[in-house]
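The exercises below are meant to be worked with the sequence and the coordinates side by side. Each gives a task, followed by a solution in steps.

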Amino acid sequence: MNKKLKSCLLALGLIAGSAGVAQATPAVWSDLYDPSDVLINKGEKIHFQHELDGYRPGIDTIYGASLTVWLYDDNLFGDTILGDSHEKVKFDFDGTGWTTPTEVNGIGANLGWLDDFFEQTLSFNSLVALLSDGLLNVTVKGHSGDFRFDKSLLVAYGNRAKVPEPATVALLGAGLLGMALLQRRRRRSVSI
Ligand SMILES: [Ca+2]
Ligand SMILES: [Ca+2]
Ligand SMILES: [Ca+2]
């Protein structure tokens, strides 16, 4: 390959590269799972899958994520006043093993939009490694007592890559073809 062609290809490569990387824009993806509240007894499990809307595996990148789960005891005021047991919950994410059991409190009722105050929220902030596929499988298990699951929210922060437009790709292709023809012509003129 001659020097000129090499530098042309390098330039085209740089253009293609910058189209894919330099034009990435910050993005937030999320997914809410909010079924009718489920009673989870000791030893019982529920399973669900979060899928980040709009995230493209292998194209976009995620550098931060947070999962928040809303739970509450099924008895008024949790364990401390009228609670019926020491409710404890544990989680499994993408089959990586159970978390340490955590106490479930909360007022003992789902008060609609007030749930942020009266239910217990549990947050997990180190799930980035599990999100490259855009999916998070969650299992919630009753470790002791009984409590209700309200909802779960996954939020991920990252960069949305700009994929080159078809027109740009066509242009690059035409450029390469042009150079290949030029090369051939030059070679032919040398052989004469
Ligand atoms: Ca995953
Ligand atoms: Ca209970
Ligand atoms: Ca719910």
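## Exercise 1: the surroundings of Asp-94

Asp-94 is partly exposed, because 16 other C-beta atoms lie within 10 Å. The model is a predicted one, and the values used throughout are computed from it.

Task: state where Asp-94 is placed in the chain, and describe its phi angle.

Solution. Begin with the position: Asp-94 belongs to the loop between S5 and strand S6 (102–103). Turn next to the backbone, where phi of Asp-94 is near 55°, a positive value in a residue other than glycine. Finally, classify its environment: a residue is called buried at 20 or more other C-beta atoms within 10 Å and exposed at 12 or fewer, so the count of 16 for Asp-94 makes this residue partly exposed.

## Exercise 2: the order of elements

Task: describe how helices and strands follow one another along the chain.

Solution. First count the elements, which are 3 helices and 9 strands. Then read them along the sequence, which gives the pattern α-β-β-β-β-β-β-α-β-β-β-α. To see how the chain is connected in space, consider the contacts with a separation of 6 or more, of which 80% are accounted for by residues 24 or more positions apart.

## Exercise 3: an open sheet

Task: work out the order of the strands in the open sheet of 4 strands, and explain why S3 and S6 each have one side without a neighbour in the sheet.

Solution. Start with strand S3 (residues 45–51), which runs antiparallel to S8 and is joined to it by 7 bridges; in this pairing His-47 has Thr-139 as its bridge partner, and His-50 stands opposite Leu-136. Continue with S5, which is also antiparallel to S8 and is joined to it by 6 bridges, with Lys-88 opposite Ser-144. The complete order is S3-S8-S5-S6, with antiparallel pairing. S3 and S6 each have a single partner strand and stand at the edges, so one side of each lacks a neighbour in the sheet.

## Exercise 4: the largest nonpolar core

Task: identify which residues touch the most other members of the largest nonpolar core, and which strand supplies its largest share.

Solution. The core has 24 residues, among which Leu-71 and Ala-156 touch the most other members. At least two residues each come from strand S4 (61–73), strand S5 (88–93), strand S8 (135–144) and strand S9 (147–160), and the largest share, 7 residues, comes from S4. As a last step, set aside the neighbours of Ala-156 within four places in sequence: Ala-156 is then in contact with Trp-29, Leu-52, Tyr-55, Ile-62, Ala-65 and Leu-131. For the chain as a whole, 22% of the 192 residues count as buried.

Note on methods
Residues numbered from 1 in each chain as written. Chains lettered and ligands numbered in written order. Predicted model: local features only at pLDDT ≥ 70, side-chain atom pairs only at ≥ 80, totals over all residues. Core = buried A, V, L, I, M, F, W, Y, C linked by C-beta atoms within 7 Å. Contact = placed C-beta atoms within 7 Å. Pairing = 2+ DSSP bridges.
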